[in-house]
Amino acid sequence: MKLFLWFDCGFVVFSAHPTKRRVVRNLLEQGRLEITTGGWVMTDEATTHVYAMVDQLIEGHQWVKNNLGLAPKSGWSIDPFGHGATVPYLLRAAGFGGGTVIQRIHYAWKQWLAEKEMGDVLWRQNWDSEGVTDMLVHNQPFDIYSIKHSCGPHPQVCLNFDFRKIPGEYTEYSVRAVPIDEHNVKQKAELLLEQYGRTGSLFPHNVVLMPLGDDFRYDHDIEWDQQYKNYKMLFDYINQNKDKYNAEVSFGTPSDYFAAVKERTNNFHTLKGDFFVYSDIFSEGRPAYWSGYFTTRPYWKILDRELEANLRSAEILYTVALNRARQNAFNKTIQLLERDFERLTKARQALALFQHHDAITGTSKAFVMHDYALKLFEGIQDTVFVQGRCAQTLLLRDLREINNKATALGKPPQPHFNFLLPDTDRESYEKLAQKVPLVVPRNEPRRIVLFNSLAQQRQDVVKVRVTTANVRVLDSDGNEIPFQINPVWNMTGSFGAAKSTEAGDGPEPDDSAKSGSTAAGAGGGGGGGGAGGMQMARDLYEVMFVADLPPLSLVTYVVERVSERNLEARSVVYCASCGRSSSDPSYVSPFEIKGMQAGDIQLENHRMKLLFDGRSGFLKAVTRKATGRTTQCGLQFAAYPSAQFHSGAYLFMPDPNSRDPEREILADESSGRRSLQIVITSGPIASELTVVYSSILAHSVRIYHAAGPLSEGIYIENIIDFEAPPKNRETELFMRVVSDISNGDPPEFYSDLNGFQMQRRVKVERIGIEGNYFPITTMAYIQDSTRRLSLLVNHAQGAASWQPGWLEVMLDRRTLYDDSRGMGEGIVDNKRMLTKFWLLLEEITEGDPKDKYSRPSLFAHHLSNGLLYPANLFVVEGITDPGGSSGQSAAAAAATGSGGSAGAAAAAAKGSEGRDLDLHKKVQLLTRPFPCDVHLLNLRTLSDSTYMQFPSWSALLVLHRQGFACSAGAGVVVPQCSLKGTAPGGGDGPSLAFHPRTMFRDVKLHALTHTSLTGLHAKAKLKALDQLQLRPMELATLNVTFVL
C-alpha cells in the first residue's frame, strides 16, 4: 500500500477536478494519503503576520472540510528557513492532536539535539507556565529534506535507494541506484537498515520517520511505481526476517509516526524559544546565515500588509452589512453583496498564497514576484471596493424604502452605484498611491467617511488634499474641530529630474494611508544642491485633523469652504528657499515662511522635546517634560557592503574584505559630500521635520500636539528609492537608533514573532552581524532598569542590536549576484517605497525579572494596532446632501477598486448627480468596546458548505488577547480603555474576553459556539459573547451564526 502526504491546499484547489476529488477522498479514507497542516500554503515563519498565518490556515481548513470532509491532525513544515514558536501554537489551537515536523534549523542545533536524543520535543510558548500550549514537534535530524537524506546520515549511501529512472534524464541520483531483485535484496536491505539504525540511535524511542521524496519529484507516473516496487521488496525482506534484524519497516504518514512514538513514551523534553537565525554549512564549509530574506523585497512585504489591512476591514464590514441586509430582507442589496463574496474569496486566497515561504520572503524569481504582486494589487482593489459597498449599505438611512421601490419596479436599487470612493488613485502596484484632490465649491460641503476597524476607541490622523486653503472641518455633530493646512510640495531642478517620468509637473505621488505635507514632496527627489529644491505646489493643499473614532464605527466628517482666510490653521514653514517660485517671482505664498537658523533644531509638544542635528537633520535626543529626563536617541542611516555571491535573496553577509564595515550611503557619488535640504512645518495639529538626501532618502519625523496617545510617540517616515541598477549595488541599507540605554553587554533586545509574541535576543559576537539579525513584523525594543525604547514597524524586516544602546532595522537590499540557495538571480527590482515607524520612549516603573516573559506595553499595542490598521477613508461622491448639493469633484475620478477605469468612476458619479440619499452621520457596530487588551483579529464570513461560492449565515470571530507589561508605559493613558474583563493584576489566568452586554448592533445572533482556531472543532456553546474566557496572549475563535 502506497502512503503519501500533501500539505499545500492552494495547489490542490487549482487542480481539483471532481473526478480527482473522488480519488483523493478514497485515498484519504483508506489511510493511504494524509493532508498535513492543511493550510493554503506551507507558510514562512519569520516574515508573516499572525493575521495572515491564521487566515491562510482557516482558508485551507475550511476548503478541506467542505470538499473532503476531514480535519488535519498533524503538521508538516520542512522548508521554511528557520522555525518559530507561532506555528506550533496555531496548530495546537486548531485542534491538532498528533504533532508537527520541522527541518531547517541551525546545524549546531541539529547536532546538539542529536547528542541529547531530543529529536522529538514538546514546544511550549514562552508565557506558558502550565504546558497548556505544548505541541509535540519532530526535528528531522539531517541537513535538508532532499533525496540524498532519504535513508540516513550518509548521502552517498542514500543515492543507492533512489530508484527514479526517467528516459533521457541523467543525474547523480539516477546513475547510482540499481533495481532490487532476489540476488541483491539481502545486501541492499542490510545497507538500508544500517542507515535506518544510525538514524534511530538519535532518538530514545528508536522509531524512525524517513520521508522519501524531494522538490519536483513524482512528476512522472513511472516514478511512483519505481520507488514503491523496489522499496516494497526491501521492506518485505526485512519484515520476513524481523527476528534476525530486530526491526520492522512499513509505509506510513506523519500521524502514524506520532502515534507509534506516543505508544512507546510520553516522556518528552520541553523547549521554549525559536530557531532563528537558520544557518547551513553546505557551501565552502563555513556558516551561511539566512537573515537576508527578513528584509528582501520590502516593497512586496509592504504590499502584503496593505492587502491584509484592507481585507480585514472588508471582512468585518461585509459580515455585518450582509447579515443586516438579510435580516431586513433587502433582497437587491443581498444579491449585490453575495456577488461581492467572490471578490473577498479571491483576496483571501491572494493573501494566503503570498504567505508561502518563497513568496513573502522575496525569494522567488523576478517574474514570479511580479505575478504575486499583481494578485496582491488586485486583492487590494477588490477589498477597497467591498469596503465601499458595505459601508454605504450601513450608512443609508432609507435602504428599506429604496429596496422596496426597486423591487416593485423590477430594477436594481439606487445605491448599486458606488457613492463612496477612496481618496487615492494608484496607477499600478509598482507606484505609490496618489492623493486625489478634493474640490470644495462654495456652499457645497464635502463629506468624508472614516471606518475604524479596531474594537477600541482610537485617534487617527486624517489627511485630505484640497484645491483651496480656505476650508474648515466639522465632525459628525456639525462642530468645528481643530485642523491644520499644510503645503504640498513639488520638486524642482536637480531634485525633480529623477522623478519627472513618475510625477510629471503635478504634485508628488503619495501613499494611500498617508499624505504627509513634506514627506510626500520630499520623496520626489534629492538634495538641495544648485537650483534644485522643494517648492510649494500652487492651488493644492493638505488638510490634516485628528479624528476621534468609536470602536468598529463609520463616522462622517465634513470639509466645507469658508469665506475668510483661516490663518490660525495654516502651518508655519521653515526652510531656505522653498517659498519662492522659480517661474513666477511675484508669487506670494499663502503660508508664513521663515528662514532656517544655524545650529541644532528643536521640535516640541506638551509632552516632549526633540533635538535634531542641524547639519544632518537627524534626531539626536528626546526629553520627556514630565520627568525632565533626556535620552540620547540619535538616528543614523548607512549601509553594509554586500559580500558578492554570499549575500543575496536568502543570505545576508557583509563584505569581509571591505575597508569599512559600514558604507556612507547619503553622500553624492561625484563629490563624496552630503547634499541635503531641511524643511520644517509646524501648526496646531503637528510639527514635522523633513530632510531630503538626493534620490535615495526622504526622512520625516513628526510629533502631534493633540492630547492623547498620539502626542506620546515620535512618528517616522522614510521614502527610499534605490533607482535603477547598477546604482546602489551590493547595498544593505539600514536605519539605526543610537541611545544611552544600557541594554547589557553583550547587548540584548526583544523582537516580535509574527506580531503574536516577543522573544529575547542576545548578541553572539563570534557569528557576526549576519547571525545577530532577527525578523520583526510589528516591533522591537531595548531596555534597561528604568527606560524602554521601542520601534514599531508596519511591515516585516530584519533588526539587530549589535552594540549596547543600539537598535537598527534593515530598510532595503540590492545584491546583483545570486547567493546559491536556489533563486538563481540577484535582487535588482527594488521599488520606490514608503516605510512607517513609531519610536517610543517609555518609563519602566519596576524592572521585570529576567525569567519573566517580556511583553510590550498597552500603549505600544495601541499605537501598533493603529499603524497596522489605519482608518479607511472614503469620499462621498455623486449624491445630494440633504439641504445642499454635492458638486462634481476630481475625487470622482478615483478608481473604485473594481478594476474599472478612473473615467468610468467619474461617469458613474456624474450620472448620479442630484440623487437625494440620506446618510447616517455615525454608525457604530458594537454596543460596547472590547477590553483594550483584546484585539479583534478578524470577523470572517464562512462560505456555504455546499455552494462554496456563496456566503453562509455564519462567521468566525477571531480574538487575540494581547498580553502587556504593566511596568512599561504606565504613565501614558489610553483614552476610554477599560481592562474590566482582565484578570486581577494583569495575571495570566483566564478571564472574561468581553465586557458584560457586549453585542453587535442591529443584527441578531442565532447561535454562538466556541471552536478551535479554524472553526473545525466545536468546544462549547455560549449564550452570549460575555461568557467567553481568554488567557493573556491566547487566540480564540467563536463561530457566530446569525438569525436566518
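**Overall fold and the second largest cavity**

The chain contains 19 helices and 48 strands. The model described here is a predicted one. Of the 1044 residues in the chain, 63% count as buried. The exposed surface of the chain comes to about 38,300 Å², and carbon and sulfur atoms account for 50% of that area. Sequence separation adds a further piece to the picture: when contacts between residues at least 6 apart in sequence are considered, 76% of them bring together residues at least 24 apart.

Attention can now turn to the interior. Rolling a probe the size of a water molecule over the atoms reveals where empty space remains. In this structure, 16 cavities of 30 Å³ or more are found. The second largest cavity is a handy one to explore on screen, and its volume is about 170 Å³.

A total of 21 residues line the second largest cavity, and those lying nearest its centre are Gly-755, Phe-756, Thr-778, His-861 and Gln-962. As for secondary structure, at least two lining residues are supplied by each of β31 (757-762) and α18 (858-868). Helix α18 provides the largest share of the lining of this cavity, with four residues.

What is the chemical make-up of the lining of the second largest cavity, in terms of nonpolar, polar and charged residues? Eleven of the lining residues are polar, nine are nonpolar and one is charged. For a reader with the structure open, a good place to begin is the group nearest the cavity centre, which includes Phe-756 and His-861.

Key:
Residues numbered from 1 in each chain as written. Predicted model: local features only at pLDDT ≥ 70, side-chain atom pairs only at ≥ 80, totals over all residues. Heavy atoms only, no water. 1 Å grid on protein atoms, 1.4 Å probe; cavity = no way out; pocket = protein on both sides within 12 Å on 5 of 7 lines; lining within 4 Å. Points joined across faces, edges and corners; volume = space filled by probe spheres on them. Nonpolar A, V, L, I, M, F, W, Y, C, P; charged D, E, K, R; others polar. Buried < 20%, exposed > 50% of the residue type's maximum accessible area, 1.4 Å probe, protein only. Contact = heavy atoms within 4.5 Å. Areas by Shrake-Rupley, 256 points an atom, 1.4 Å probe, with all protein chains shown as cover.
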